[in-house]
Amino acid sequence: MALKPVTFSADPGDQSWYEASARARLAGLLDAESFQEFIGPEQRMMSPHLPLFDLPRAFDDGMIVGRGRLDGQAVLAAAQEGRFMGGAFGEIHGAKLVGLLRAALAEAPAALLILFDTGGVRLQEANAGETAIAEVMRAIAQVRAAGIPVIGLIGGRAGCYGGGGLIAGTCSRLVVSESGRISVSGPEVIETNKGAEEFDSRDRALVWRTMGGKHRRLLGGADAFVGDTIGAFRDAALTQIAKAPAFDLATLEAEQARLEARLARFGDCHDATEVWGRLGVNDPDAVPGMTTEAFDALLARLPEAPHDAR
Amino acid sequence: MEKLNFRHSTTQALPGTRRQAIVGVVASGNLEVLLERSLPPDEFTVEIDTAIDGFGDVWEAVVADFVDRRQPGGLRITINDGGARPDTVALRLAQGARLMEAM
Amino acid sequence: MTDWRQERTARDARIARAGPHADGKVVPAAKAVDLLEAILQPGDRVCLEGDNQKQADCLARALSACDPARVHDLHMVQSGIVLPEHLDVFEQGIARRLDYSYSGPQGARIAKMLYGGQIELGAVHTYLELFARYFIDLTPNVALIAGVSADRDGNLYTGPNTEDTPTVVEATAFKNGVVVAQVNAIVDKVPRVDIPGDRIDFVVEADRPFYVEPLFTRDPAAVTETQILMAMMAIKGIYAEYGIRRLNHGIGFGTAAIELLLPTYAERLGLKGRIATHWALNPHPSLIPAIESGWVKQIHCFGSEVGMDRYIRARPDVFFTGSDGSLRSNRAFCQTAGLYACDLFIGSTLQIDLQGHSSTVTTNRVAGFGGAPNMGSDPHGRRHPSDTWMKAGREAGGEGDPALRRGRKLVVQLVETFGDKLVPAFVEKLDALELARKLKLELAPVMIYADDVTHIVTEEGIANLLLCRTLDEREQAIRGVAGYTEVGRGRDKAMVERLRQRGIIRRPEDLGIEPLDADRSLLAAKSIKDLVHWSGGLYEPPAKFRNW
């Protein structure tokens, strides 16, 4: 019998970002067949450290980098595979991203996209990982200074934690979905250090309303909120490239002012819902259950002007 | 970690022209399979790096069935395994072969 | 002269003894122990209501707090051994003998107590079988049941989780027994009368709402590609093949995957309206996308499911609901419906042997049966034909006039060849046999007997046991889908290939199933939140399933 693929929707743009592998995200995000990988899996550029810990390696070390086109524009892109070691930064993983950022200075693409999906630094190669985080942040500053927007896309299983959260803070623009979580210390880390009274990591609703995409968008930590499809991320990435601010003193001072004002306004809140209430959300408890359309409508109604700091 | 190698001769080459494909992700209970069309059409090899020791005979059986059912001549397969169950391995191999068969 | 009213006189005495603790029929929770000590007598048969879902937990706590000097040697006859108190009463000497059906979470402790001789075991039943015995030789003297609310006359509203209550009350109240109901609230007027007040002797206002386990909720996020592949095979190789309209699904991720594939994969195969229209099923949240896509005509339920109440209220064309709008479930009726009016049962199991016997028992856990053996059996009392039933009957073969050959219910085991921690599902010998030997049971606890099983679906393929003509063929058909377990690797390859030529074994490629389609993108919902969105916000999942 002939085999004929059957899928609910064959369009890559309709697939769930959260569910997709890093490779599938890249394939659907960029123009069809346009992605060219640098240091592909066939080169077997794998972690030199993991065998010492008797741990399995991945051909791409959980980081896929290359060039492609986004609606015709030349872009560079990096994607983390959140299912391999939680998307954590190791030596090869980090070096591939640093290398891509440096290549941007030579290639001058329309933008550089980072598809974050990471728990932070890989414990087994922590020194190399930490170094990579620092190098990436420095490289992003250079790329942005060269006038190339760096857009972070966050909506994967591992979220964007640890050093990934720091790197996200240096991007020109961030796009986040509901499942995307952005923070530095993860829920378990906070609970371990400060106790379950401070933060109960098993309370998943608390985790999401404190670190999840809706809160980050409402608080201005992310610049665009999207539904969980690859197509939605593609559209938002295109929009945000055009909106990326200049990387200059004025932008940084505006961002500093925004953060100071935010701290003054919300610093005494004990829960994200209090913040939302002060932002003018009538029924903060309803926010987590909202569909993307309802949340978009809420954003449009809020008195806050969209900031363009960063 | 255990390294395993298997070599088979096949009567047919795997159809299709795709040079390379990768399927799956290394995670607990999961694996990645890299397929490269780089051998003579009547040869087939598999190299496996697995997180769980002592299942060589099961791997051998899974690979033998795959050769039986698919006749993957010309393929060099390399596997990074995070401790997948045999049925997951068989499914990934079948998926990989289907990707390589695409024109 | 014979006294024909001894039981009635004894009942009147119990009620009279309880009088001082009650205000009419109403007893405060604080007096529940006094009430039970007044009405119970040593050696009583007691049904403490509890099944795999709802629990009369307030009354269970009260019973376990009774003085063993006054209340002892009870014979517990109840569906579920689920709460710790259900076993505490045996440790304390309050109860001695047990006849039951299901013991999910207490499976390990009950096994230990059975080995230790702390429990005198009558038998482990199926639900329907235990209900039947309530009316013949295990009639309760006292029933302790649970409802949502009652009025002061005892009229009882059970809410969506009616479950076993009407059956238990019927057997007790009409045979000189005493019925005590715990309720979440005493009200002036109940939303609907599920049990008329003259069958309820006492109403205890519980200190907190009765417990209900969300047993049938499966998070689509945890459905694997292997389960999706198996679901595709079941839909294409069985549901479509036999045109199955009337069915029951057991609990598990495999059946949840089938439910989530109806509006996607099955829709693409053009099966809408031709399969899976009429159900005996608890309100599985994973069926919401199929219901919303117009697949499902109607569903009768054994019990309810936590969080589904508002959704069910809004879909009375699909569910059985009362005058108040909420679900009316009934375990006895639904079990009967599953047995006689469904053409297919499909469910999972832990172990299958070479003949096809299956069991969920391991040597350290006695999980009981619940309803699966009723659903998963071929009812010899069935007389109405259906295309599905007749086709299965023809496949099973037989001699003589075709008009004298009965049909067959399809009983399908959906099982991954390896379970958790690479434990094989296919074995030479069931653990249940060892358990039976250790506990000196006459019958090994078999969930579904080999002669009832018609198909086994694994990730390797479908084995159609109806078409097997010899025991040897049957064994090789089972080995032929047993994957890389020792049983599977012990197959006779040539014979398995011959069975495949005859269509007794069918592999995904024989069914035209593309392995690349075995992907989570095929699921109509990929998370609990997707289910909430499908329901238009009507499904309200319990906290442990939420991350928002």
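Visitor: How many residues does each chain bring to the contact between chain C and chain B?

Guide: Two residues are in contact if their C-beta atoms, placed from the backbone, lie within 7 Å. Here chain C gives 15 residues and chain B gives 11 residues. This is a predicted model, in which local features need pLDDT of at least 70, side-chain atom pairs count only at pLDDT 80 or more, and totals for chains, interfaces and linings use all residues. Residues are numbered from 1 along each chain as its sequence is written, with chains lettered from A and ligands numbered from 1 in the order in which they are written.

Visitor: Which element gives the largest share of the side of chain C that touches chain B?

Guide: Helices (H or I, at least four residues) and strands (E, at least two) are DSSP runs, numbered from the N terminus. The largest share, three residues, comes from helix α8 (residues 225-242) of chain C.

Visitor: What is the strand order of the open sheet in chain B?

Guide: Two strands pair if DSSP finds at least two bridges between them. The five strands run in the order β1-β4-β5-β3-β2 (chain B), with mixed pairing. At the edges are β1 (2-9) and β2 (20-23) of chain B, each pairing on one side only.

Visitor: In which sense do β1(B) and β4 of chain B pair?

Guide: They are antiparallel, over eight bridges, β4 being residues 43-50 of chain B. B:Glu2 stands opposite B:Thr50 in β4(B).

Visitor: Where does helix α1 of chain B lie?

Guide: Axes are lines fitted to C-alpha atoms, for helices over the stretch in contact, and angles run from 0 to 180 degrees between N-to-C directions. Helix α1 (residues 56-70) of chain B lies across β1 and β4 of chain B, at about 30 degrees to β1(B).
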